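Here is a walk through some local features of this model, from its enclosed spaces to its ring pairs and a few odd backbone angles. Keep the 3D view open while you read.

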Amino acid sequence: MTMHAQMIDLLDQQTRLTRNQHKLVAAATFGLILEFLDFFLIGFIVAIVSGPWELTAQGGAYILMSSGLGAIVGGFVFGRLADVLGRRKIFLTTITVFTLGTLALIWTPDSPSAGPWYLGIFRFIIGLGAGGLYVVDLPLVQEFVPSNKRGLISGLVTAAVPIGIILGSILVKTLVPVIGWRALFLICAGLSVFVLLIRTWIPESPRWLLRNGRTEEAARAVGWALERDPATIPTQVTGTAEPAVPFRAIFKYPRSLIASWGANIGVQTGYYGLSLWSPALIAAILVVDAPTAAYYMIFVSCAALVGRILVSFLSERIGRRKTGLLCTFGAATTIILTGLTGHAMIGAVSAFIVMLMISNLLHEGGFATIGPYSAEVWPADLRTTGMGSAYGIGGIGKVIGPLGLAWVIGSTNIFAPAPNPSALTPAFIYFAAWYFLAGLAILFFGDETKNRTIEEVDARLRNRETAGAEAPRTKPA
C-alpha cells in the first residue's frame, strides 16, 4: 500500500524553493563537479607518468578503467544500501570513501612496478565512492523538492559534470607545472572534506523516514526544507510503514528495469566511447596535431554544457519520455551525419566540428534527463536500488564503448589510437547504434513521470504489479 502524508503534500505544493532547498541543490551540484573533476584528472596523470614508468597500453588501460569498474560496483552496492539504511547515511559514507581514496593517491610510489598497481587499486576505491555518490545524491534531491520542479532541478544538478571537466583542464594547465600532479589530489581531497562537512547538516529524506515509520523525524526534515517550525508540520499518515524489500524485487517491475537499464547502457557506451575517442578522431579527420584537437574540444565541451542546461528545462516542459527520445534518436542521427561530413567546410569553419558540437549537445544533454529518470521510474522502496542497478549496468559501457570501437576501426590501443580513415564511418555508426538502443528502451518501455509525484508513480507501479498485467499508458500530463 502506498503511503500518503500531508507533510509531503506541503513539499509538492511549493511554488518556490526555500534557502535550505537551494543549499541542498548547490551541495549536490558541487559534489558532482568534484566527482567528475577527479575522474577527469586521471587521464592527464596517466599521460604524465607513462614515460617515467614506461607504461604499456595494458597498464594505462588498467589504471583508467579501474575507477569505472569501481563505479559499477558502487552503484549497485550503495544504491541498495541507501534504500535499506537511508540516503543521508550512505551518501556521507560514499563521500568518505571517495575522500580517503583520493587522499591515498598523494603517496603513490614512484616505482614503475608498484606505482601502476597502487594507482589502480585506489582508483577502484574512488570509483566505489563516486558511483555511490551519484545514485544516492540525485534521489535525495528529488525527494526534497516539489514534483513540478523535480526534472528541472535534478537535470541542472547533472549539468555540473562538464564544469568538473573544464575545472580539471584549468588545474592541470596551471598547477601541475608548479606543484606536481600528486598535489592535485591533495586539493581534491580537501574539496571532498568540504563537501562532507556541508552535507552533514542536511537531514534524511522525509520520504524514506515515512516509509520506515519515523514520522516525527520526517516532520523535522520537512520543516527544515520548508524553513518552518516542525511543530506546525502535520503528521497524519495514511498507510503503514513497510520493511525493506529484497534486491530481487526489481525484477517485479520489468518495464522500469528495461527502460532504465537499456537507456543507461546505451547512452553510457556511446558517451564514453565517443568522449574518449573524439580528440583522436578530430586529429585524424582534420589532420591536425594533438594541441589543436584539444583546442577544438573546448568548443565541443561547451556545447555539452549548453545541452545539459537546455535539456533540464525541456524535460520539465515536454516530459522526460519525449525529451529522452529526442536526445537519444537525435544523437544517433547527428552522430552518423557527423561521420559523413569529413573535410567539408561551412565557410571557414569545419563542418565536422559543427556537427560534433550539435551531436554533443544532444548526447551529452541526454544525461540531464536519463540520470534523474532512472530514479523516477522505480517504486519508492526501490528508487536508489533501481537507479544504482541501472547506473551499474550502464557502467559496463565505459569498458565496451572504447573496446568495441577499437575493434571496429582496427586499433590495438584504445587510449592512444591511430584510427584507420577508412573505418571512420563505421566508427560513428557504432556510436549511433548504442544511442538508438537507448531510444528503443525508452520508446517501448518508458512511462512518463512529468508532473507526477513520487507517490503517484509508486501507486501506478504497484497497481500494475498487483494486476499482473501492463496497464494502458495514460496520456502524459
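The count of cavities of 30 Å³ or more comes to five. Bear in mind that this is a predicted model. Let's look at the second largest cavity, which holds about 140 Å³ of space. Which residues sit closest to its centre? They are Phe 36, Tyr 134, Tyr 272, Phe 367 and Tyr 391, out of 14 residues that line the second largest cavity. Sorted by character, that lining divides into eight nonpolar residues, five polar ones and one charged one.

Three helices each supply at least two residues of this lining: H11 (254-286), H15 (367-376) and H16 (383-395). The top contributor is H11, which gives four residues to the lining of the second largest cavity.

H15 is worth a closer look, being mostly covered, with ten of its ten residues buried. Among the buried residues of H15 are Phe 367, Ile 370, Pro 372, Tyr 373 and Glu 376. Phe 367 has turned up already, as one of the residues closest to the centre of the second largest cavity.

Back in H11, you'll find Ala 263. Is Ala 263 buried or exposed? Its relative accessible area is 2%, so Ala 263 is buried, as the cut-off for buried is under 20%. If you set aside neighbours within four places in sequence, Ala 263 is in contact with Ile 258, Ile 370, Ala 438, Ala 441 and Ile 442. One of these partners, Ile 370, is among the buried residues of H15. Ala 263 also lies 9.7 Å from Tyr 391, C-alpha to C-alpha, with their positions 128 residues apart in sequence.

Now for the rings. A search of the whole structure finds 14 aromatic pairs. One of them joins Tyr 118 and Phe 122, with ring centres 4.7 Å apart and planes at 45°, so the pair is tilted. These two residues are four apart in helix H5 (residues 115-142), which means about one helical turn separates them. Phe 122 is partly exposed, at a relative accessible area of 22%.

Trp 201 and Trp 224 make another tilted pair, at 5.8 Å centre to centre and 45° between the planes. This pair links distant parts of the chain: Trp 201 is in the loop between helix H8 (181-199) and helix H9 (206-211), while Trp 224 is in helix H10 (residues 215-226), 23 residues apart. How do the two tryptophans fare for exposure? Trp 201 is partly exposed, with a relative accessible area of 35%, whereas Trp 224 counts as buried at 17%.

Elsewhere, ring pairs link Phe 352, Phe 428, Tyr 430, Phe 431 and Trp 434 into a cluster.

H3 (residues 57-85) contains Tyr 62. Leaving out neighbours within four places in sequence, Tyr 62 is in contact with Pro 116, Trp 117, Gly 120 and Ile 121. The C-alpha atoms of Tyr 62 and Gly 120 are 6.5 Å apart, although 58 residues separate the two along the chain. Tyr 62 is partly exposed, with a relative accessible area of 28%.

Next come the backbone oddities. Most residues other than glycine have a negative phi. Glu 227 has a positive phi, near 60°, and Asn 451 also has a positive phi, of about 60°, although it is not a glycine. Glu 227 is in the loop between H10 and strand E2 (237-238), and Asn 451 is in the loop between helix H18 (424-445) and H19.

H19 (residues 454-467) also holds Glu 455. The side chain of Glu 455 makes a polar contact with the side chain of Arg 207, at 2.7 Å. Glu 455 counts as buried, at 18% relative accessibility.

Here are some of the accessibility values side by side:

| Residue | Relative accessible area | Class |
|---|---|---|
| Ala 263 | 2% | buried |
| Trp 224 | 17% | buried |
| Glu 455 | 18% | buried |
| Phe 122 | 22% | partly exposed |
| Tyr 62 | 28% | partly exposed |
| Trp 201 | 35% | partly exposed |
| Glu 227 | 36% | partly exposed |
| Asn 451 | 38% | partly exposed |

Technical notes:
Residues numbered from 1 in each chain as written. Predicted model: local features only at pLDDT ≥ 70, side-chain atom pairs only at ≥ 80, totals over all residues. Heavy atoms only, no water. Buried < 20%, exposed > 50% of the residue type's maximum accessible area, 1.4 Å probe, protein only. Polar contact = N/O pair within 3.5 Å; in protein donor to acceptor, adjacent residues only side chain to side chain. 1 Å grid on protein atoms, 1.4 Å probe; cavity = no way out; pocket = protein on both sides within 12 Å on 5 of 7 lines; lining within 4 Å. Points joined across faces, edges and corners; volume = space filled by probe spheres on them. Nonpolar A, V, L, I, M, F, W, Y, C, P; charged D, E, K, R; others polar. Contact = heavy atoms within 4.5 Å. Phe/Tyr/Trp six-rings, centres within 6.5 Å; stacked < 30°, edge-to-face > 60°.
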